[in-house]
Amino acid sequence: MTKFEILGKNDTRSGFGVGLLEAGQQNPNVVALCADLIGSLKMDAFIKEFPERFFQVGIAEANMMGIAAGLTIGGKIPFTGTFANFSTGRVYDQIRQSIAYSGKNVKICASHAGVTLGEDGATHQILEDIGMMKMLPGMTVINPCDYNQTRQATVAIAKYEGPVYLRFGRPKVPIFIKEDMPFVIGKALKLVEGSDVSIFATGHLVWEAVLAEEILREKGISTEIINIHTIKPLDEKAILDSVAKTGCAVSAEEHQMNGGLGDSIAQTLATHNPLPQEYVAVKDSFGESGVPEQLMEKYGLNAAHIVEAALKAIERKRKK
């Protein structure tokens with residue numbers, strides 16, 4: 001049996017919607033902007049309570065980023081909302097020039113990230129967004145794992161000064177992070193203590209890592225699971241402390257292998273403690289239309305592939 005109680009199932013975008021309302025209730029300077037996707041971004045509750053603090057920009061994402069940057073000059077804390085593909089790829093120039101370069105206090109909130117967007121297909125399933133955002137100087141990048149953690153992250157970034165990219169998704173997934181579990185930007189969350197292999201997971205892959213740990217435990221393998229909800233700034237100490245015990249690592253993410261969490265971990269290990277690392281990520285490919293679970297299997301993003309990667313990392317460690 002899993003060490004975690006499943007508290008229900010819900011999508012992480014709904015966690016964002018609840019968190020946005022809570023942030024708005026806590027701070028009158030919190031405002032929201034949307035690019036014609038209110039229902040998809042779960043902004044309805046915020047709009048109902050604070051209609052004067054909401055701006056429907058329409059299908060004009062670049063304009064939305066410029067407006068958000070301008071609102072910060074008057075002391076507002078703008079949360080922009082649209083799909084991850086339109087939140088990054090379509091408006092990268094505006095984010096770079098108007099938000100990141102000048103350090104504007106804009107919260108870029110991106111739903112429907114990764115292949116779990118499902119049937120909408122490759123044109124909407126962005127898998128490069130984490131890399132694009134983390135390369136921008138001063139940009140904080142957060143990718144929570146379930147409904148509760150997304151709510152916590154949304155409230156936390158409203159209190160954080162500086163540009164933030166918050167990534168979340170469409171499918172209903174298990175809720176296993178407790179409501180009162182602390183969320184600290186830049187501080188990784190150790191979920192399971194282990195000694196044979198470290199699994200560093202982010203977003204939807206955290207639950208898959210939990211399932212993988214069960215399988216590995218049955219094989220007599222002690223697995224440490226670290227939830228890397230903040231990809232930038234990266235909690236290097238948590239990573240190095242973990243691999244100092246286990247001697248090998250697996251990174252797991254719903255993102256391209258190039259430019260994602262795995263790259264950040266590899267850079268940390270190469271600089272401080274080179275050792276075997278395996279990647280669970282999309283291997284230089286676009287997505288396609290399909291059922292999320294089938295796509296996760298096809299692109300190697302589920303518990304079975306994490307187990308395979310862990311066994312390979314352990315074998316490499318033994319040979320080394």
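Which residues in H9 meet Ile-265, Thr-268, Leu-269 and His-272 in H10? Keep that question in mind while you open the viewer. Remember that this is a predicted model.

**Stop 1: H9 and H10**

Select residues 236–246 for helix H9, then add residues 261–272 for helix H10. The residues to look for in H9 are Glu-236, Ile-239, Leu-240 and Val-243. They are the ones that meet Ile-265, Thr-268, Leu-269 and His-272 in H10. The two helices pack at an angle of about 65°, and their axes are 10 Å apart. Turn the view and you can follow H9 as it passes H10 in a right-handed crossing. Coloured by class, this contact shows five nonpolar, two polar and one charged residues.

**Stop 2: the loop before H9**

Now step back along the chain to strand S12, residues 230–232. Between S12 and H9 there is a loop, and Pro-233 lies in it. Is the peptide bond from Lys-232 to Pro-233 cis or trans? This bond is cis, with omega near 0°. That is worth a pause, because most peptide bonds are trans.

**Stop 3: another backbone surprise**

Select Asp-36, in the loop between strand S2 (30–34) and helix H2 (44–49). Asp-36 is not a glycine, yet its phi is positive, at about 70°. To put this in context, most residues other than glycine have a negative phi.

**Stop 4: H1 and H7**

Next, show helix H1 (residues 12–26) together with helix H7 (residues 147–158). Their axes come within 7 Å and cross at roughly 35°, and the crossing is right-handed. On the H1 side, the residues in contact include Thr-12, Gly-15, Phe-16, Gly-19 and Ala-23. On the H7 side, look for Tyr-147, Thr-150, Arg-151, Thr-154, Val-155 and Ala-158. How do the residues of this contact of H1 with H7 divide by class? There are seven nonpolar, seven polar and two charged residues.

**Stop 5: the cavity**

Keep Thr-12 selected, for Thr-12 is also one of the residues that line the largest cavity. The structure holds one cavity of 30 Å³ or more, and about 80 Å³ of space lies in the largest cavity. To see its lining, add Ala-113, Asn-143, Pro-144, Arg-167, Phe-168, Gly-169, Thr-202, Gly-203, His-204, Glu-253 and Glu-254. By class, the lining of this cavity has three nonpolar, six polar and three charged residues.

**Stop 6: H8 and H12**

Move on to helix H8 (residues 205–218) and helix H12 (residues 303–319). They pack at an angle of about 60°, with axes 8 Å apart, so H8 and H12 are oblique to each other. The crossing in which H8 passes H12 is right-handed. From H8, select Leu-205, Glu-208, Ala-209, Leu-211, Ala-212, Ile-215 and Leu-216. From H12, add Ala-303, Ile-306, Val-307, Ala-310 and Leu-311. This contact of H8 with H12 has 11 nonpolar residues, no polar ones and one charged residue.

**Stop 7: the largest pocket**

Leave Glu-208 highlighted, as Glu-208 is among the lining residues closest to the centre of the largest pocket. The others in that closest group are Lys-172, Val-173, Glu-293 and Met-296. The pocket has 14 lining residues and about 280 Å³ of space. Strand S8 (172–174), H8 and helix H11 (292–298) each supply at least two residues of the lining. Which element gives the most to the lining of the largest pocket? The answer is H11, with four residues. Finish by colouring the pocket lining by class: there are six nonpolar, three polar and five charged residues.

Note on methods:
Residues numbered from 1 in each chain as written. Predicted model: local features only at pLDDT ≥ 70, side-chain atom pairs only at ≥ 80, totals over all residues. Heavy atoms only, no water. Axes fitted to C-alpha atoms, helices over the stretch in contact; angles between N-to-C directions. Parallel < 35°, antiparallel > 145°, perpendicular 65-115°, else oblique. Left-handed = near helix turned anticlockwise from the far one by under 90°. Contact = heavy atoms within 4.5 Å. Nonpolar A, V, L, I, M, F, W, Y, C, P; charged D, E, K, R; others polar. 1 Å grid on protein atoms, 1.4 Å probe; cavity = no way out; pocket = protein on both sides within 12 Å on 5 of 7 lines; lining within 4 Å. Points joined across faces, edges and corners; volume = space filled by probe spheres on them.
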